[in-house]
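Here is a guided walk through a complex of several chains. Please keep the viewer open while you read.

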Amino acid sequence: MRWLRSHLVLILGLLVLVYTFIPIAIVVMMSFNQLPSEQSKIYKWNSFTFNNWLHPCADPSMCQALGRSVEIGLLATFAATVLGTLAAFALVRHQFVGRSSTNVLIFLPMAAPEIVMGSSLLALFVATGFAGQLGFGTILIAHIMFCLSFVVVTVRSRLAGLSDTLEQAAMDLYATPNQTFWRVTFPLVFPGILGAALLSFSLSFDDFIITNLNAGTTTTFPMYVWGVSRKTIPMQINVVGTVMLIISVVIVVGGEVRSRRRMRALADPHEVRADSVVAAAGARSSAGALDAV
Amino acid sequence: MSETVRKKGAIGYILLAPALLWLVLFFLIPFYSLVATSLFNADGSDFRGYTVVYEWSNYTNAIKEYYPQILRSLKYGAIATFLCLILGYILAYAIAFKSGRWKNLMLVLVIAPFFTSFLVRTLSWKLILADDGVVVNTLQFLHILGANGHLLYTPFAVVMGLTYNFLPFMVLPLFASIDKIDYRLIEASNDLYANPVVGFFKVTWPLSLPGVVSGTLLTFIPAVGDYINDQLLGNTQTRMIGNTIQSLFTEANDYPAASALSVILMLMIVALVVGYVKRAGTEDLL
Amino acid sequence: MSHLAEHTEAPAEGIATGGLELRGLTKEFATFTAVDNLDLDVPSGSFFALLGPSGCGKTTTLRMVAGLETPTAGTIRLGERDITNDKPYRRPVNTVFQNYALFPHLDIFENVAFGPRRRKTGNVDAEVNAMLELVELGNQARKKPAQLSGGQQQRVALARALINKPEVLLLDEPLGALDLKLRRQMQIELKRIQDEVDTTFIHVTHDQEEAMTMADTIAVMNAGLIEQMGAPDELYENPRTTFVANFLGQSNLISGTIRGRDGDMTSVDMQGIAVTVPQERTHAAGDRGWVGIRPEKVLIGHEGEALDAPGNTIPGGVVTDVSFVGVSTQYLVRMAWGQELQVFEQNTGRRRLFRPGDQVELSWRPVYAFLLDHDQAAAAGAQLESV
């Protein structure tokens, strides 16, 4: 009973965690599901099969939509990451007028409801006469727009955490400003830029509301799922969902493992032994004294 | 010794320009178009100019006709946000203080599910809450739900979907805030005779408020404007403002009304954000 | 400036420095002046310490020499060359930063190789290896900074700077982050290395013991100005301002009126007692002054006990506090005029310690006393704690 009380919060926390995983477990499970018939509209477990995994593109329009999403994702990520990184540098390292307004302008897309952003873009395209040309281009424009803010925030926080003492040290060591940037600043900001790019891609890939309003006849993966949600749902969408999950978990866990491995090197047993032996020998002559450090 | 001294000169503007330009062109100006479409003659355009006719009737009509949806969206959004706050706080607290060396792993586990497609995982809820599913059966067994009770296609399902999908938006800011709290403060409060409950309300909760506020904002705002959860998990009685705007745009092609509703929604949000900014300043936004 | 501070005199003609020369160096920020019209000469090849409390401007001065801060006015010359406006990467000056500033994304080898690689000098690999051997980190070359201990990081920072054979090496409180024992060892090490490479070291610190241990010359800085500059023992035994007297070690400062200056002694009426102070240690203008005497120079004895200091006996003291510090005992003695004087006596075991309430008399040999200007604050430079 006492054990329960003292661990209550942890148990509750784990329960919440389980809650977040149940739908995912179902996605994975359903990727192995066999629908009773081609036309079945009921979304329910039927029987086990590897079929969905073996024939992921059974519905060619799904794979087409998937391809579209990846294309747009990559392009939007590239553009948003470049533009956003430049802006982050400006925010952290440079002086300019109108800082407050800029902060608000960058913040708003993160807080504005997607329906408003999507519909306003649609209104713009209609008003400027592009109503008949909705498609790949307009989707791309929209995606870059809403990814920008997230890139700026991510890179900015990484950059702000970088002490400029390191850059001063580089200049003290004969590096010109150009060399300082490429050899010290950029490598240290890069993890932030990478994270921003990954975030950007997943936002773009998964977007529905804004995309749907501005897509015209082009179809992305989320639009495809929406389309089939009222009809027969091919289980292959769960295959895609599972694959996405696996890829992202691998990336994130991989990064985690790498940093843990580096932490472990700090506690290298060989190091520890050497240090303690030498510390004991600390009181000797100055030549020997250096070994104690 | 030195804090970052920002460099002066034109280069700051040059770096900032592309991103800002993009946002102005594709965020601010569209919003103007939205307002214009809702207020002015909808036959106009940015090229030919709008006939400046203040069609306030678009707004009054929209509110008159759709206020149930507006209120409903606010209600569902509020309930979902509240549930997210409870669940999210427990989770954030557990990860921050009770997870020891598993902290980073647990954080990953919190975020991981949300890398699956939003739509695909919302579909899973269809299965979970299905009439012949485990959940409904159990609840019927416990007589919490009547023999003919449904969970799917009810407001309950919509709110459940909203809560589930926006949970990370609450957990992450909350975690960031709670993690910063020095646990020794809580220990100090215990040393000064506060039991855990009192300690929570007097120490932990006040210190975590910034995270609570930003988590609440980041959850409530998208929740109110969402329509996917409602479309997939609700019924015709649960239509939210998002659905309405969506269908007005794509089905009824009633751009003025749709725009008016969008503007109303945006104004409500801006009011919230302004209220927040007045208290906390703009640097904390990002 | 409200207190008296002396600018360092320019060196006498004929002494070649070839070293670092600061003239009229000033740095003003929006709300205050960090460095105020500083003149300084650092002899080439010496170990020079810039000593002072936090905020006195020593780090700002250092950064101006490094080129990381632009002076508001004044010049910096290195030998023949005016480097005042040179960028840091164009100066033959290197810095060991307070928190080492090692590049976290590069391993030790690349950190040390950074400077040579930028300058594209000779055989980088061989030089780096030689330098790592010098600081005894040869087998850690491929580790990242985060994997090393504080002391090791310190040595990497040093190696990274020294490998460029700078004309001047600047050290910004480099030992601050180390624990006591380590710090002592590193002080000795730095001195040894400086001897070996024969480069001018400028060491900025707030720790007066550290400065006195390591430096050939110390400049005591206060509020943007140099109070006094000279060899450690000179500064310690013959301080010219109350700030220096209190900042280096501790001093008793007793108010007195100057009676006359004859020969090589100044006579002072100190609270009714006639004492003398050597002329060369008299730094008071006007007719009043602070008689200064270091606590370890004060002799303490029972009333009437014969002390080794004829002529300078001050009776009427009562012991108010006794602190046994192992090596010595520190007494606080309240004198007849109300002031408490500090007396440090080495625990030679010759006689038992005094106890609070004991009646004692104090004495010191006149050659150890000094006289400071009465306009200066008696508490200037006194620190709350020592080491």
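The report below goes from overall confidence to the chains, their contacts and a few local details.

**Confidence**

Please bear in mind that this is a predicted model. For the complex, the predictor reports an ipTM of 0.80 and a pTM of 0.79. Chain C has a mean pLDDT of 87, with 93% of its residues at 70 or more. One stretch of chain C deserves caution: over residues 1–17 of chain C the pLDDT stays under 50, although the model has 29 contacts there beyond four places in sequence. Where pLDDT is low, predicted coordinates should not be read in detail.

**Chains A and B**

Chain A holds 14 helices and 2 strands. Of its 293 residues, 43% count as buried. If we take the contacts in chain A with a separation of 6 or more, 76% join residues 24 or more positions apart.

Chain B has 11 helices and 0 strands, so its pattern along the sequence reads α-α-α-α-α-α-α-α-α-α-α. Its C-alpha atoms fill a box of roughly 70 × 70 × 35 Å along the principal axes. In chain B, 44% of the 286 residues count as buried. Among the contacts in chain B with a separation of 6 or more, 67% are between residues 24 or more positions apart.

**Domains**

Two chains come with a domain division. Chain B is split into domain 1 (1–54) and domain 2 (64–280), and the C-alpha centres of these two domains of chain B are separated by 31 Å. Where they meet, 5 residues of domain 1 of chain B are in contact with 6 residues of domain 2 of chain B. The domain 1 side of that contact in chain B has 3 nonpolar, 2 polar and no charged residues.

Chain C is divided into domain 1 (20–92 + 166–237) and domain 2 (250–371). Here the C-alpha centres of domain 1 of chain C and domain 2 of chain C lie 35 Å apart.

**How chain A meets its partners**

What does each chain give to the contact between chain A and chain B? The answer is 79 residues from chain A and 79 residues from chain B. On the chain A side, the elements giving two or more residues include helix 4 (60–93), helix 7 (136–160), helix 9 (177–206) and helix 12 (236–266) of chain A. Helix 2 of chain A gives the most, with 13 residues.

Chain A also touches chain C, with 24 residues of chain A in contact with 30 residues of chain C. Helix 8 (165–172), helix 9, helix 12 and helix 14 (286–289) of chain A each supply at least two residues to this side, and helix 8 of chain A gives the most, with 6 residues.

The table sets out the residue classes for the two sides of chain A.

| Side of chain A | Nonpolar | Polar | Charged |
|---|---|---|---|
| Touching chain B | 55 residues | 17 residues | 7 residues |
| Touching chain C | 15 residues | 6 residues | 3 residues |

**A look at helix 2 of chain A**

Helix 2 of chain A, the one that gives the most to the side touching chain B, has 23 residues. From its first C-alpha to its last it reaches 33 Å, close to the 33 Å expected at 1.5 Å a residue. Where does this helix bend? A kink of about 30 degrees lies at A:Phe21, shortly before the proline A:Pro23.

The buried residues of helix 2 of chain A are A:Gly13, A:Val16, A:Thr20, A:Pro23, A:Ile24, A:Ile26, A:Val27 and A:Met30. As background for reading such a list, an α-helix has 3.6 residues a turn, so residues three or four places apart point the same way. The proline after the kink, A:Pro23, is one of the buried residues.

**Two backbone details in chain C**

Most residues other than glycine have a negative phi. Two residues of chain C are worth a look in this light. C:Glu173 is not a glycine, yet has a positive phi of about 40 degrees. C:Glu173 is placed in the loop between strand 7 (168–172) and helix 5 (180–197) of chain C. Is this glutamate buried or exposed? C:Glu173 has 21 other C-beta atoms within 10 Å, and because the cut-off for burial is 20 or more, C:Glu173 counts as buried.

C:Ala223 also has a positive phi, of about 50 degrees, without being a glycine. The loop that holds C:Ala223 runs between strand 9 (217–222) and strand 10 (225–230) of chain C. C:Ala223 counts as buried because it has 20 C-beta neighbours inside 10 Å.

Note on methods. Residues numbered from 1 in each chain as written. Chains lettered and ligands numbered in written order. Predicted model: local features only at pLDDT ≥ 70, side-chain atom pairs only at ≥ 80, totals over all residues. Contact = placed C-beta atoms within 7 Å. Helix = DSSP H or I, 4+ residues; strand = E, 2+ residues; numbered from the N terminus. Nonpolar A, V, L, I, M, F, W, Y, C, P; charged D, E, K, R; others polar. pLDDT = per-residue confidence, 0-100. Domains from an automatic or database assignment. Expected span 1.5 Å × (residues − 1). Bend = angle between axes of the 7 residues up to and from the residue. Buried ≥ 20, exposed ≤ 12 C-beta atoms within 10 Å, placed from the backbone.
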